[in-house]
Amino acid sequence: MDAVQQAEPRSQTAATQDFEAVIVGAGMSGMYQLIRLRELGMRVRVLEAGTGVGGTWYWNRYPGARFDSESYSYQFSFSDELLREWDWSEHFAGQPETLRYLNHVADKFDLRRDIEFKSRIVSAHWSEATRNWTIATEDGRRYTARFLLTALGPLSAPTMPNIPGVESFQGESCHTAHWPHEPVSFEGKRVAVIGTGATGVQTIQEVAKTAKHLTVFQRTPNWCAPLLNARIGKEEMERIRAGYPEMWQRCLETFSCFLHTPEPRKTFEVSAEEREAFWEKLYASPGFGIWVGNFSDILTNREANAAISDFVARKIRQRVKDPKIAEKLIPKNHGFGTRRVPLETKYYEVYNQDNVTLVDINETPIERITPAGIKTSDAEYEFDMIIYATGFDAITGSFDRIDIQGTDGTKLKDRWKGGPKTFLGVMVDGFPNMLMLMGPHMALGNIPRSIEHNVDWVTDLLRYAQSHNLTRLEAAPEAVREWTDHVLSLGDGLLTFEVNSWMTGVNSNVEGKQVRIINRYAGSAPAYRARCDEVAAKGYEGILQA
Ligand code: NAP
């Protein structure tokens, strides 16, 4: 990468640099947005905190990190040439391959010349007088831009646990989202992992292979299901490639843009034998089918949810030899699928290994991290390494970490107290010319599909602004109210919103984030796109234009 041309940062004393658009973040949304804004002939600069492109796939290089969605459905679809030349080696690619892919995209489209790395944004302030944003980096560089495009990512503000003594530990320690770029060995080491979400599960099953001893500190078990990854040979890759047109069409039509789509029948419309056979088939199929391709009522009907939870609990009991450990691994405070389902590869079998111990910290809470390890209410453990798989201040966290001020100095963080308020997840009243990519109130699902739609829609809006000589776009307050009410109403009756998780904005380690909110759009992706199309067709109704 060093040999490749990239945007030159100015010295700290240099004058403010001016652009038509600044994109914050060089993950998948920032990269694609750069490509599209170049087509409009705009002077664009991307500011990225890391030293390379890739966002999530740049930061999360912990052991075992990989796609939980099919590699081919998770790539960019906008370039036929790119689709022709990139082969995936596995159905669920590992992080190194995904990062190689994203670097390949950066090379192919010569993106780095417009990206400044090591540029963490600390503030963005709107000036009504100049109709510009002034953006500052933590090392004091300043930029102005007519349009501010936030490509921050929904899971990019990692949170350390609020356990006393974290700083005192004398061994190696790391949050999974800040994993070193150099290889890390676990051989001969006593390793602790705190956290059992999708990241913890992937990390645990990898570390258990070589660590002298692995101790997992679990607060809430999650309902995990088999990933069933497999390699893709040359011929299979050609078959997959030949099916791309149908695959993209399918992603456009499914509820969350995944290849899997809910089974139209309800859980109790079929006989017990048929239900069991269907679940056995899903459990033996790769990917998210068991979560998003299940009976249509598993996340709305409590009895249906209890039935599928019972099915998966039986699987856990079959796979874990010690019945007491199996019971600890079965969630008791939430049903299957009401939190993001981690996909696993022999995760449960890890607990049958002699070198692995599970500590249920509900029974014996962690009191503190000590210089030598971890002290719970009943024991003191010594470790060579502690891995924090403790998650993120999700969705709004990356916004909260930047001092974003709109008209009259209103702070976005204050505006969003009690939950985000947006128009289509893209704009906020009082924050003119700020356009959010994959911000709150967006459909998540198969994220690259949502990114491509989101970026294309924003690009069309900016093309419209260019052709109509508009220099100020702001969501109308009533449009924000109407969209926010709509997003809230879509959460009604969904069991997912009755559970604490990052998907309901809860993070026990962040002050003020203990109350559940509705922070994402829970409707279907086709319905979301239809609403966006309608707004555009009506001359961007709901957006004040000047
Ligand atoms: P997470 O799901 O929020 O899990 C964090 C874990 O840390 C939870 O088990 C949590 O326990 C625990 N924890 C947090 N603070 C703690 C504390 N103070 N003491 C003890 N335990 C604590 O975060 P994540 O696993 O990083 O995953 C976040 C999301 O990233 C996933 O849901 C997924 O959407 C995405 N992801 C995707 C992939 C993929 O596609 N392959 C892989 C990894 C992650 P509680 O549950 O009790 O709070």
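Ala, Val, Leu, Ile, Met, Phe, Trp, Tyr, Cys and Pro count as nonpolar here, Asp, Glu, Lys and Arg as charged, and the others, Gly among them, as polar. On that scheme, the lining of the second largest cavity divides into seven nonpolar residues, one polar and no charged. The model is a predicted one, and this report covers its cavities, one of its sheets and some of its salt bridges.

**Cavities**

Four cavities of 30 Å³ or more are present in the structure. The second largest encloses about 40 Å³ of space. Its lining is made up of V24, I121, A124, I135, L148, T150, I402 and I404. Two strands, β4 (121–127) and β6 (142–150), are the elements that give two or more residues to this lining. T150 is the polar member of the group, because Thr is not among the residue types counted as nonpolar or charged.

The largest cavity holds about 70 Å³. Around this space lie C257, M442, A443, R449, S450, H453, A525, Y528 and R529. Helices α15 (447–467) and α17 (525–537) each supply at least two of the lining residues of the largest cavity. By class, the lining of the largest cavity has five nonpolar, two polar and two charged residues. The charged ones are R449 and R529, because Arg belongs to the charged class.

**A three-stranded sheet**

Strands β13, β14 and β15 form an open sheet in that order, with antiparallel pairing. At the edges are β13 (366–369) and β15 (380–382), each of which pairs on one side only. From one strand to the next, the twist averages 20 degrees. Three bridges connect β13 with β14 (residues 373–376), and the two strands run antiparallel. I366 has T376 in β14 as its bridge partner.

**Salt bridges**

The structure contains 45 salt bridges. Three of the pairs are listed below, with the N to O distance and the relative accessible area of each partner.

| Pair | N to O distance | Relative accessible area |
|---|---|---|
| K234 and D87 | 3.0 Å | K234 60%, D87 31% |
| K417 and D414 | 3.3 Å | K417 60%, D414 42% |
| E534 and K538 | 3.2 Å | E534 34%, K538 47% |

The side chains of K234 and D87 meet in a salt bridge. K234 lies in helix α6 (residues 234–242), while D87 sits in the loop between α3 (80–85) and α4 (95–108), so the pair ties together parts that are 147 residues apart in sequence. K234 counts as exposed because its relative accessibility is 60% and the class begins over 50%. D87, at 31%, counts as partly exposed.

In the salt bridge between K417 and D414, the lysine is exposed and the aspartate is partly exposed. For E534 and K538, which also form a salt bridge, the glutamate is partly exposed at 34%. K538 is partly exposed as well, at 47%, because that value lies between the limits of 20% for buried and 50% for exposed.

Some salt bridges join into a larger group: R38, D110, R113 and D114 are linked in a network.

How values were computed:
Residues are numbered from 1 along each chain as its sequence is written. This is a predicted model: local features need pLDDT of at least 70, side-chain atom pairs count only at pLDDT 80 or more; totals for chains, interfaces and linings use all residues. Side-chain values use heavy atoms; hydrogens and water are left out. A salt bridge is a side-chain nitrogen of Lys or Arg within 4 Å of a carboxyl oxygen of Asp or Glu. Helices (H or I, at least four residues) and strands (E, at least two) are DSSP runs, numbered from the N terminus. Buried means under 20% relative accessible area, exposed over 50%, partly exposed in between (1.4 Å probe, protein chains only). Two strands pair if DSSP finds at least two bridges between them. Axes are lines fitted to C-alpha atoms, for helices over the stretch in contact, and angles run from 0 to 180 degrees between N-to-C directions. On a 1 Å grid over the protein atoms alone, a cavity is a set of points where a 1.4 Å probe fits but cannot get out, and a pocket is an open set with protein on both sides within 12 Å along at least five of seven lines; lining residues have an atom within 4 Å of a point. Grid points are joined across faces, edges and corners, and a volume is the space filled by probe spheres set on the points.
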